[in-house]
Amino acid sequence: MRIATNAYLDQARRPAALLVEPSERAAPVGADPAEVRDALAEVATLLAPQERAAVVLKDVFDLPLKEIAAMLSTTEGAVKAALHRGRGRLADPDRPTALARRTAPDRGTLDALAAAFTAYDLDGLTRLFVEDAVSDVIGMAHEVGRDRIAAGSLHHTLYLETSVRWRAEVRELGGDSLVLMWATPTDGDGAEAVEDVLRAETSDGGITCLRWYYFCPDALAEVGDLLGVPYRTHGHGL
């Protein structure tokens with residue numbers, strides 16, 4: 001009753017609507033839903049995550065660069081760089097070729113990523129990421145920016161997880177390129193097994209997004225079973 005009463009009082013306090021002459025301008029023609037869908041699909045395919053967010057927030061919602069940087073946990077300079085790259089890709093007259101090329105990550109970049117992980121080369125790993133890259137440890141952490149990724153998930157994997165020794169390998173599964181993270185317990189108690197699976201998005205030879213499935217036991221089990229490789233799961237992150 002209190003909610004209903006307050007709602008009525010709020011409505012009653014509002015000023016009465018003013019009658020105005022109807023506008024002679026015709027209402028704008030609504031956008032074709034199919035065109036909107038295709039445009040969104042093209043943006044999602046052509047642009048890396050940070051580029052997508054920057055272009056939509058600036059060119060669609062017209063938000064200030066400072067506000068966009070705060071929302072994306074990055075700098076205004078990184079937002080400007082993402083905007084420049086994103087707008088350039090969308091304006092490219094050869095978009096059909098680019099769309100086909102963006103469907104799969106660059107294999108050379110993935111091989112370099114696997115080699116750097118295996119060699120415990122933090123500097124080499126860091127250089128593979130674009131400045132405004134994104135790293136998602138699914139269910140646990142979200143990092144934006146090459147420096148933050150280097151100090152976060154990369155450093156943690158190479159130098160804080162001392163209970164295992166990592167070896168990375170690129171494998172194909174259903175047309176998708178995955179990076180398998182093989183772990184060997186350092187105490188000798190257990191054989192080598194896959195304990196993490198990575199999926200990367202690349203652009204111009206650099207990693208724009210990296211997703212870690214360490215805390216996704218169902219995904220690890222599915223990949224392990226389909227590839228016929230031993231694996232260990234760790235449950236979901238707290």
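Here is a quick tour of the sheet in this structure, the helices packed on it and a few residues worth a look. Keep in mind that this is a predicted model.

Let's start with the sheet. It is an open one, built from 6 strands in the order 2-1-6-5-4-3, and the pairing is mixed. Who sits at the edges? Strand 2 (141–144) and strand 3 (164–173) do, each with a single partner strand, so one side of each has no neighbour in the sheet. On average, and ignoring direction, neighbouring strands are turned by 20° against each other.

Some of the pairings look like this:

| Strands | Sense | Bridges |
|---|---|---|
| Strand 1 and strand 2 | antiparallel | 4 bridges |
| Strand 1 and strand 6 | parallel | 5 bridges |
| Strand 5 and strand 6 | antiparallel | 6 bridges |

You can pick out single residues that face each other across these pairs. Val137 stands opposite Ala141 in strand 2. Over in strand 6, Leu210 has Ser135 opposite, and Ala200 stands opposite Leu210 too.

Strand 6 deserves a closer look. Of its 7 residues, 6 are buried, so the rest of the structure largely encloses this strand. Strand 5 and strand 6 also make a hairpin, with 2 residues between them. In that turn, Asp204 has a positive phi of about 55°.

Now for the helices. Helix 9 (residues 146–160) lies across strand 1, strand 2, strand 3, strand 4 and strand 6. Its direction runs at about 45° to strand 1.

Back in strand 1 (residues 129–137), you'll find Asp132. Is Asp132 buried or exposed? With a relative accessible area of 2%, Asp132 counts as buried, because the cut-off for that is under 20%. Its side chain makes a polar contact with the side chain of Arg85, at 2.7 Å. Setting aside neighbours within four places in sequence, Asp132 is in contact with Gln50, Ala78, Ala82, Arg85 and Gly145.

Last, a word on cysteines. A disulfide is a covalent bond between the sulfur atoms of two cysteines. How many disulfides does the structure hold? The count is 0. Cys209 is buried, at 1% relative accessibility, and Cys216 is buried as well, with a relative accessible area of 15%.

How values were computed. Residues are numbered from 1 along each chain as its sequence is written. This is a predicted model: local features need pLDDT of at least 70, side-chain atom pairs count only at pLDDT 80 or more; totals for chains, interfaces and linings use all residues. Side-chain values use heavy atoms; hydrogens and water are left out. Buried means under 20% relative accessible area, exposed over 50%, partly exposed in between (1.4 Å probe, protein chains only). A polar contact is a pair of N or O atoms within 3.5 Å; within protein, one must be able to donate a hydrogen and the other to accept it, and residues adjacent in sequence count only if both atoms are side-chain atoms. Contact means heavy atoms within 4.5 Å. A disulfide is a pair of cysteine sulfur atoms within 2.5 Å. Two strands pair if DSSP finds at least two bridges between them. Axes are lines fitted to C-alpha atoms, for helices over the stretch in contact, and angles run from 0 to 180 degrees between N-to-C directions.
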